[in-house]
Amino acid sequence: QQQQQMQQLHMQQQQQQQQQQQQQMQDGDGFSRTESHHQMVQDSPLNGMDSRSLNFGVVVYDLEAIHDAERGNYAERGLHECAADEQIEWKSRSQIIEFAAVDVLTGETICVRSRPEFGWDDIRSYAARLFAEDHGHAEIIKDTSLPYFRELWESEVVPFLWRAAGPSGHLALVAHNGDAFDHFVLQKEIERLQLSMEGAPSLVGFDPIRTLKRQFGQSYGTGGLLALRQLYQQYVPPKPDRALKAHQAMDDCVMLLEVIEHWSELAMLLASDMATQLVGSNSDSSEDMVNSAATLLSMRFASPVPILPSPPYPHIQYRGGMRVVSSQVQQQQQEMVAAP
């Protein structure tokens, strides 16, 4: 039965891809939206859609990390220094070096880089070192001008999350394989660093892999078939004019958004999960309200807003002998200029 479901989904997807490719020949590549696409969105029920329309916000995010554990894994290179049940060790010692997110409803983005609290020479795992070198993470780790993640949390990350949540104060955080990595590491670092949640919205994590396995069974997509790069190659039409790099936080966000855009079944399942958990949990909500939110969100996934460019990476500056994040300095200067 599972095999039949997968075959049916594949046939549906092939038909959708053919339709999308025909539309893209008329309207552009689907990433840099054309004027005709913008007009189509403006004329649709999605025009003006924001967190108030759903009563919650939606963010797709990704983080990159480095650890100082003795052993780690680098599956793409076939390096397995520890067994599957021992991976909790290096995950527990992972620190965030890049955090990127896209507000699904507005297109606003954030991408910040942070140095870990240990140095390059403290990284003991050969797999971890090689992974960092292969994906450009070594430069981030060695850049002493970058802030620590705890310095970026209050100045950059929380304000972004709050804007994405809007008046509802509730935010869906979507990360591919988030349950196994991103959600785990983010929550661990919030607790380890005792990061203040004051001013932060209520965060609820969602993971497309969890959603798919709940629908089709725990054995669905085994053998690496649900890896983000694999899904991207399977569902997203080729775009030879640009190349997204795996394990770059913002590129991973874009890849996931485009997979959801082109895989309508996943979009509907995710939208239903979010609406059920974030709208349906309210005692005042009706089934119609849940269904309406799910429908609106699945439409938004299928017809995404343009992704806006991220601000420059913040760096550390010293003012009066104090470490200050560069974006805070710029904000203070703007406020001084604007003051009468």
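On a 1 Å grid over the protein atoms alone, a cavity is a set of points where a 1.4 Å probe fits but cannot get out; a pocket is an open set with protein on both sides within 12 Å along at least five of seven lines; and lining residues have an atom within 4 Å of a point.

Here's what you're working with. This is a predicted model, where local features need pLDDT of at least 70 and side-chain atom pairs count only at pLDDT 80 or more, while totals for chains, interfaces and linings use all residues. Residues are numbered from 1 along each chain as its sequence is written, and side-chain values use heavy atoms, with hydrogens and water left out.

**Exercise 1. Find where the model's confidence is low.**

Step 1: Start with pLDDT, the predictor's confidence in each residue, from 0 to 100. The protein's mean is 86, and 81% of its residues reach 70 or more.

Step 2: Look for the weak spots. Residues 1-7 stay under 50, and the model has 5 contacts (heavy atoms within 4.5 Å) for them beyond four places in sequence. Over residues 20-43 the pLDDT is below 50 too, and this stretch has 29 contacts beyond near neighbours in sequence.

Step 3: Take the lesson. Where pLDDT is low, don't read the predicted coordinates in detail.

**Exercise 2. Describe the second largest cavity.**

Step 1: Count the cavities. The structure holds 2 of 30 Å³ or more, a volume being the space filled by probe spheres set on grid points joined across faces, edges and corners.

Step 2: Pick the second largest, with a volume of about 50 Å³. Its lining includes Gln-95, Tyr-148, Arg-150 and Glu-189.

Step 3: Name the elements that give two or more residues: S4, helix H7 (149-165) and helix H8 (182-192). Helices (H or I, at least four residues) and strands (E, at least two) are DSSP runs, numbered from the N terminus.

Step 4: Sort the lining by class. There are 5 nonpolar residues (Ala, Val, Leu, Ile, Met, Phe, Trp, Tyr, Cys and Pro count), 5 charged (Asp, Glu, Lys and Arg) and 1 polar (the others, Gly among them).

**Exercise 3. Do the same for the largest pocket.**

Step 1: Get its volume: about 1,200 Å³.

Step 2: Find the centre. Of the 42 lining residues, Glu-76, Trp-90, Asn-177, Phe-181 and His-247 are the closest to it.

Step 3: Ask which element gives the most; that's S1, with 8 residues.

Step 4: Split the lining by class, and you get 22 nonpolar, 12 polar and 8 charged.

**Exercise 4. Trace two hairpins.**

Step 1: Two strands pair if DSSP finds at least two bridges between them. Strand S4 (residues 94-103) and S5 run antiparallel, joined by 5 bridges, and Ala-101 stands opposite Ile-110 in S5.

Step 2: Check the link. This hairpin has 5 residues between the strands, and Gly-107 takes a positive phi near 85 degrees.

Step 3: Move on to strand S8 (residues 316-319) and strand S9 (residues 322-325), antiparallel with 4 bridges. Here 2 residues sit between the strands, and Gly-320 in the turn has a positive phi of about 65 degrees.

**Exercise 5. Place Ser-310 and its neighbours.**

Step 1: Locate Ser-310 in the loop between helix H13 (287-302) and S8.

Step 2: Check its cover. Ser-310 is partly exposed because its relative accessible area is 29%, between the limits for buried (under 20%) and exposed (over 50%), with a 1.4 Å probe and protein chains only.

Step 3: Compare sequence with space. Ser-310 and Thr-109 are 201 residues apart in sequence, yet 5.2 Å apart C-alpha to C-alpha.

Step 4: List what Ser-310 touches, leaving out residues up to four places away: Thr-109, Ile-110, Cys-111 and Met-250.
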